[in-house]
Amino acid sequence: MTFPFPVVQGGHHFAPFVLNAVHFDGTNDWLKKTSDLTSNADGKLGIISVWLKFDSGHTGNRSHIYQAQNFDFEKSLDDKIRISAYNSSSATKLDMITTQALTDADGWFHVLASWDLGNSIIDIFINDANDTNETLNLDDNIDYTRTLHYVGVDTTETDQRVEGDMAQLYVSHEFLNFNTASNRRKFITAAGKPVDLGADGATPTGTAPIIFLDGATATWHTNKGSGGGFTEVGALTDASSSPTD
């Protein structure tokens, strides 16, 4: 990836924010956690933020970006981004999908989503624009507390793997309304570039998210958030570019 020149302001040099990205090969690479996330709890709120860039061979394939049995953040067979969630009885309570399909031709793109099922607010933004197609939004707790949490693969259908690049995966059980532009600026600049979310991801809300995968490739899986580390299956490699290029 390229590294821009330092910014000079008032005679001082400021190193620009450079976001590291990792590559999932679609065959051998994913992350798993075979116990529940630390201090996890069911609830009605949530935030997801991530930067993605799919490989050319990934078009038309279903893949799971983050999956936890009763919660699924995925790219569907039609290449749309979908978030679906269930209660403890496995009844669907949240289902939202983008209107646009996203393929390798889109290059790097940003997904920013939030939901508050108690107040009927659910949104997915792609590259700072609302792109939500709501199919279900019911007032109930989501069954977040599960013993299998995977990134880049499904917990049972292991052929549905991410093939492409990923950066700065943030998953929180808090809520920010992203129809308010100032809340989106906590994750994406007005120019469509990444924001530094802090060492543990706490900068946007003041609290570390339960999952925050970020930083150097060798330790990307260890989770800088509060929920505990994942185990790396295969070997993630450096992406060839970054959304901050």
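A residue is called buried when its relative accessible area is under 20%, exposed when that area is over 50%, and partly exposed in between. These legends describe a predicted model.

**View 1. Strand β6 and its two partner strands.** Strand β6, which spans residues 63–67, is largely enclosed by the rest of the structure, because 5 of its 5 residues are buried. On one side of the pairing, β6 is joined by 4 bridges to strand β7 (residues 71–75), and the two run antiparallel; within this pair, Y66 stands opposite F73 of β7. The two strands form a hairpin with 3 residues between them, and in that turn Q69 has a positive phi of about 65°. Strand β6 is also joined, by 2 bridges, to strand β14 (residues 149–151), again in an antiparallel arrangement, and here Q67 of β6 stands opposite Y150 of β14.

**View 2. Strand β15 and the three strands joined to it.** Strand β15, made up of residues 163–172, is mostly covered, with 9 of its 10 residues buried. Strand β5 (residues 45–54) runs antiparallel to β15 and is joined to it by 7 bridges, and in this pairing I48 stands opposite V171 of β15. Strand β3 (residues 22–25) is likewise antiparallel to β15, with 4 bridges joining the two, and its residue D25 stands opposite E163. A further antiparallel pairing, with 3 bridges, links β15 to strand β16, which covers residues 211–213; in this case the bridge partner of L169 is L213 in β16.

**View 3. The surroundings of E163.** E163 is found in strand β15 and is partly exposed, because its relative accessible area is 23%, a value that lies between the limits of 20% and 50%. When residues up to four places away in sequence are not counted, E163 touches F24, D25, G26, F54, D55, G57 and H58. One of these, D25, is also the residue that stands opposite E163 in the strand pairing. As a guide to distance, the C-alpha atoms of E163 and F73 are separated by 15 Å, although their positions lie 90 residues apart along the chain when counted as a separation.

**View 4. R82 in strand β8.** R82 is found in strand β8, which runs over residues 81–86, and with a relative accessible area of 28% it counts as partly exposed. Apart from residues up to four places away in sequence, R82 touches D72, F73, E74, S76, D95, M96 and I97. Measured in sequence terms, R82 and Y170 are 88 residues apart, while in space their C-alpha atoms are 16 Å apart.

**View 5. R184 in helix α1.** R184 lies in helix α1, which consists of residues 181–184. This arginine counts as buried because its relative accessibility is 11%, a value under the 20% limit. Leaving aside its neighbours within four places in sequence, R184 is in contact with L112, F125, D128, F178 and N179.

**View 6. Two asparagines with positive phi.** N127 lies in the loop between β11 (121–126) and β12 (129–130), and it has a positive phi of about 50° although it is not a glycine. At 42% relative accessibility, N127 counts as partly exposed. N223 is placed in the loop between β16 and β17 (231–233), and here too the residue is not a glycine, yet it has a positive phi, of about 70°. N223 counts as buried, because its relative accessibility is 8%.

**View 7. The protein as a setting for the close-ups.** The protein has 1 helix and 18 strands, and buried residues make up 50% of its 245 residues. Its radius of gyration is 17 Å, which agrees with the value near 18 Å that a compact globule of 245 residues would have, and its C-alpha atoms fill a box of roughly 60 × 40 × 35 Å along the principal axes. Among contacts with a separation of 6 or more, 66% are made by residues 24 or more positions apart. The protein exposes about 9800 Å², of which carbon and sulfur atoms supply 48%. There are 16 positive and 32 negative side chains, and the centres of the two sets lie 2 Å apart.

Technical notes: Residues numbered from 1 in each chain as written. Predicted model: local features only at pLDDT ≥ 70, side-chain atom pairs only at ≥ 80, totals over all residues. Heavy atoms only, no water. Buried < 20%, exposed > 50% of the residue type's maximum accessible area, 1.4 Å probe, protein only. Pairing = 2+ DSSP bridges. Rg over C-alpha atoms; globule rule 2.2 N^0.38 Å. Contact = heavy atoms within 4.5 Å. Areas by Shrake-Rupley, 256 points an atom, 1.4 Å probe, with all protein chains shown as cover. Lys, Arg positive; Asp, Glu negative; His and termini not counted. Charge placed at Lys NZ, Arg CZ, Asp CG, Glu CD.
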